[in-house]
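These are my notebook entries on a structure that I had not looked at before. I went from single residues to helices, then to the contact between chains and the confidence scores.

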Amino acid sequence: MSTSGEEQLEAFQEKFGQVKDEVSKVIVGNSEVITHVMTCLLAKGHVLLEGIPGVGKTKIVQTLADVLDLSFSRIQFTPDLMPGDIVGTNVVNEDEAGKKSFEFQSGPIFANMILADEINRATPKTQSALLEAMQENSVSAGGKTRTLDQPVFVLATQNPIEMEGTYPLPEAQMDRFLFKLKLDFPNASELHTIVDRTTQKTEPTASRILEKVEILKMRDVARDMPIAKPVQDYAVRLALATHPENQNCHDLVKKYVRFGVSPRGVQAVILGSKVSALLNKRSYVANEDVRSVLLPALRHRVLLNFEAEAEQLETDKILNAIIETVSDA
Amino acid sequence: MIENTNVVTSCLQVLCSRLFVRKLLLELTFLLGVECLLFVSISIIGGDNWFATESIYFYVFIFLTLFIFVVGLSRFQNTFSETDAAILLDREENLKDQIKSAYWFITNPNDSVFVSILLKNSINYCQKISPYRLVQIRWLSHFLLILLFVFSLIVAGTFNLQLSTNVSAKIFPISSDVSINTIDTDALEESNLALVEIGKKLKILEDDYLIPEDSDQLQKDLKVINDSVNMRAILARDGIEELAKALEARPEYEKIVSALRSERLDEALSMITEATGNLDYISDRTGSKGGEVGSALTDKEFLKNIDEISSDLANWSTTVSEEALEQALQSIEDAQSMLDDQEEARQQTNRMNTMAAPPDQLSPLTAARFGDQANPTEPQGSADPSGSTNMQGGTMFRQGAVARGDSDQDSDSGHVAGAASGDSEAAALEGGVTPRIKVNLELETLRINDGENDGRTDGEKSWFYSPSQNQEQSDDEFTDLARRQRYNAAEALDQQETPIRQRQIIRDYFINIHKKGEI
């Protein structure tokens with residue numbers, strides 16, 4: 001990739017567009033979800049996909065794994081899944097001389113793309129096995145810490161309806177995800193297209209577009225995107241507006257929010273905004289970019305109180321109210 | 001890095017200055033409009049005289065004007081910055097925070113390759129745009145509006161000043177009604193005429209029964225006239241004092257100054273005339289003095305004359321200016337006329353008060369309000385020969401005095417107003433010597449102490465109280481006093497000058513103090 005800014009911009013947009021087009025060959029609709037998933041990948045984050053069964057959560061991840069030249073592993077989370085099943089264990093290995101020694105058998109977490117399917121079905125202990133890998137990109141097992149190969153991209157899915165026998169993700173675990181994306185049910189035309197594509201003799205497949213090196217370079221480009229202080233201030237003000245202890249916060253926040261977003265939430269907003277700016281062919285981050293990623297970046301970080309749960313209030317409504325309230329000047 | 005970043009900053013600075021000017025014009029126009037509205041509102045609420053220091057509305061207006069001024073100042077504390085201009089530019093041109101970010105990276109350099117792209121694009125854009133188009137200032141409309149508001153304020157202010165008495169109120173700290181009368185020459189002339197009319201009415205009322213409604217109206221008229229003439233009297237005294245000050249520098253006019261300051265104006269006039277040797281002026285003045293009720297000279301003219309004369313007199317060098325002296329004479333005569341008016345009004349007021357109210361109910365402030373020397377509550381030796389009386393009031397006073405057991409000394413010295421009102425009517429009717437109230441009191445006291453009734457025909461016991469120690473002393477005088485009194489009563493009723501309608505009142509009066517059938 002060229003060192004010129006304009007060339008970097010063009011290359012970034014071109015590659016991104018190619019990946020998106022390739023994924024769209026398999027995945028019908030959900031364009032915004034695909035964009036946000038790619039944003040998470042390029043912003044060095046992880047994504048939590050939430051949706052009812054059958055809307056294509058796992059399919060999106062699998063397709064993306066096909067498009068990207070990355071190692072992929074899938075972990076099906078079940079209640080009896082153990083942390084060792086994820087990170088790996090030391091096994092006894094006997095050599096030809098009969099000498100026995102421990103050898104680390106790496107788990108499925110040692111991959112570039114990890115699909116944690118139905119993550120809320122495993123116990124919190126097992127869910128926490130992902131924490132270190134997601135935050136520090138390393139795994140500690142058998143007394144040794146092993147660094148994971150970059151990039152590390154965890155994509156977790158969960159079903160919001162079937163909650164019986166599940167373990168909702170702890171707040172600390174939720175906070176590790178850069179974005180939480182919701183997959184909506186497809187509309188009629190999309191449904192027709194899905195049926196047409198998947199009920200024929202051959203299903204469409206995606207070809208590999210993006211190499212690992214290119215992904216890493218695109219990550220660097222995204223990090224190099226400048227953000228002016230006034231825009232950053234806007235993101236900070238938005239984050240602060242989610243705190244009920246803030247005197248100038250919205251009435252909905254005062255009434256329904258138990259805890260506002262963490263500093264990690266502001267980081268997520270800024271990183272997502274930078275990728276969004278690149279995708280919008282801008283050489284700077286605008287307030288519009290901040291707004292575009294605010295919901296996926298913060299919706300799982302705002303903790304609602306019992307009253308909001310009772311009224312089945314969603315955080316998106318509160319965040320939209322905050323966007324309308326906070327001035328972008 | 002891009003070097004021509006000053007294109008962006010200069011563009012933003014121009015925008016800033018234009019934004020400031022536009023805001024200034026808008027605020028100024030708005031505040032002027034508010035001020036105009038306030039002025040008109042207070043003018044409507046406060047009436048004609050609100051623009052005077054006595055009016056609460058004047059202070060409300062001053063307070064609100066200061067408040068508007070402070071608000072206007074506070075609104076300009078936060079002036080426009082370049083960032084504000086950049087935000088405006090982004091918003092107007094839908095640039096999505098480009099100029100704002102560019103300005104930030106101009107002031108805070110960044111090594112990112114994207115910053116150079118941003119600055120380059122921003123510079124190109126700023127070279128193309130026109131700040132004059134972005135921030136349009138409607139000079140003409142603002143100018144016309146400001147002009148209109150200022151003009152309205154001037155017109156309204158001038159109109160209010162004409163109506164108000166601000167100037168005179170500052171000179172004389174009196175009520176606005178009085179100051180209005182002071183300025184208005186026509187009103188003065190009318191007051192003088194009204195004074196004559198009131199004098200005539202009082203004359204008529206003295207000979208007739210006083211109707212309360214007439215009394216109230218006359219009192220109101222007299223109050224207005226009093227205020228007016230008293231104001232002019234103050235003015236006259238000020239003028240006299242000014243003349244005295246102008247003359248006091250010269251020892252040869254020491255007597256004239258003394259006469260002026262003690263208000264012996266006739267004497268002062270004579271001395272000045274002698275000093276000038278203009279004897280003709282004395283004769284002219286004496287001849288023309290009789291018929292004048294008051295001068296039609298306005299206060300402004302009077303003060304102007306006084307100022308001119310004072311400066312002329314003060315500028316005497318070696319020779320005496322006859323013209324200045326004649327002017328001084330004229331001014332003193334004017335002042336004299338003003339003081340005469342005051343005296344006239346005061347006399348009419350005294351007459352009115354004596355007729356309209358029981359003597360002991362007269363307020364000491366009524367006559368002494370403007371420095372009158374005579375206090376109506378002070379004892380007077382005898383009744384007023386002119387005879388403004390109230391027989392009912394006198395009777396009431398007398399009965400009260402007997403009930404209180406006042407001695408002869410008391411009736412000699414105290415409550416003389418009551419005595420006058422009781423006796424002077426009879427004296428006027430008789431045309432003879434006025435009998436003293438003492439006589440009546442003694443007569444009543446003796447009769448009551450002798451067990452006779454007080455003229456009541458209902459058989460009830462008299463309520464009079466009489467000290468027993470006076471009973472024996474008065475026995476010898478009873479016969480003479482009763483005879484005299486009977487004679488007086490019959491004499492009064494037989495007088496042809498006594499109005500027929502008043503005769504019943506006089507009869508009742510004497511019945512109250514004599515046995516029925518004696519008259």
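I began with A:Pro151, which I found in the loop between strand E7 (144–147) and strand E8 (153–158) of chain A; helices (H or I, at least four residues) and strands (E, at least two) are DSSP runs, numbered from the N terminus. The peptide bond leading from A:Gln150 into A:Pro151 is cis, with omega near -5°.

I noted that this is a predicted model, in which local features need pLDDT of at least 70, side-chain atom pairs count only at pLDDT 80 or more, and totals for chains, interfaces and linings use all residues. Residues are numbered from 1 along each chain as its sequence is written, while chains are lettered from A and ligands numbered from 1 in the order in which they are written.

Next I looked up A:Lys281, in the loop between helix H12 (263–279) and H13 of chain A, where phi is near 60°, a positive value in a residue other than glycine. A:Lys281 is exposed, with 10 other C-beta atoms within 10 Å (20 or more such atoms, placed from the backbone, make a residue buried, 12 or fewer exposed, and numbers in between partly exposed).

In chain B, I found B:Asn94 in the loop between H3 and H4, with a positive phi of about 55° although it is not a glycine. B:Asn94 also counts as exposed, with 7 C-beta neighbours inside 10 Å.

I then turned to the helices on either side of that loop: the axes of helix H3 (residues 82–93) of chain B and H4(B) come within 7 Å and cross at roughly 150°, where axes are lines fitted to C-alpha atoms, for helices over the stretch in contact, and angles run from 0 to 180 degrees between N-to-C directions. H3(B) and H4(B) are therefore roughly antiparallel to each other (under 35 degrees is roughly parallel, over 145 roughly antiparallel, 65 to 115 roughly perpendicular and the rest oblique).

For the contact between the chains, I noted 17 residues from chain A and 17 residues from chain B, two residues being in contact if their C-beta atoms, placed from the backbone, lie within 7 Å.

Last, I checked confidence: the model scores ipTM 0.83 and pTM 0.56, and chain B averages a pLDDT of 67, with 53% of the residues at 70 or above, on the predictor's per-residue confidence scale from 0 to 100. Where pLDDT is low, the predicted coordinates should not be read in detail.
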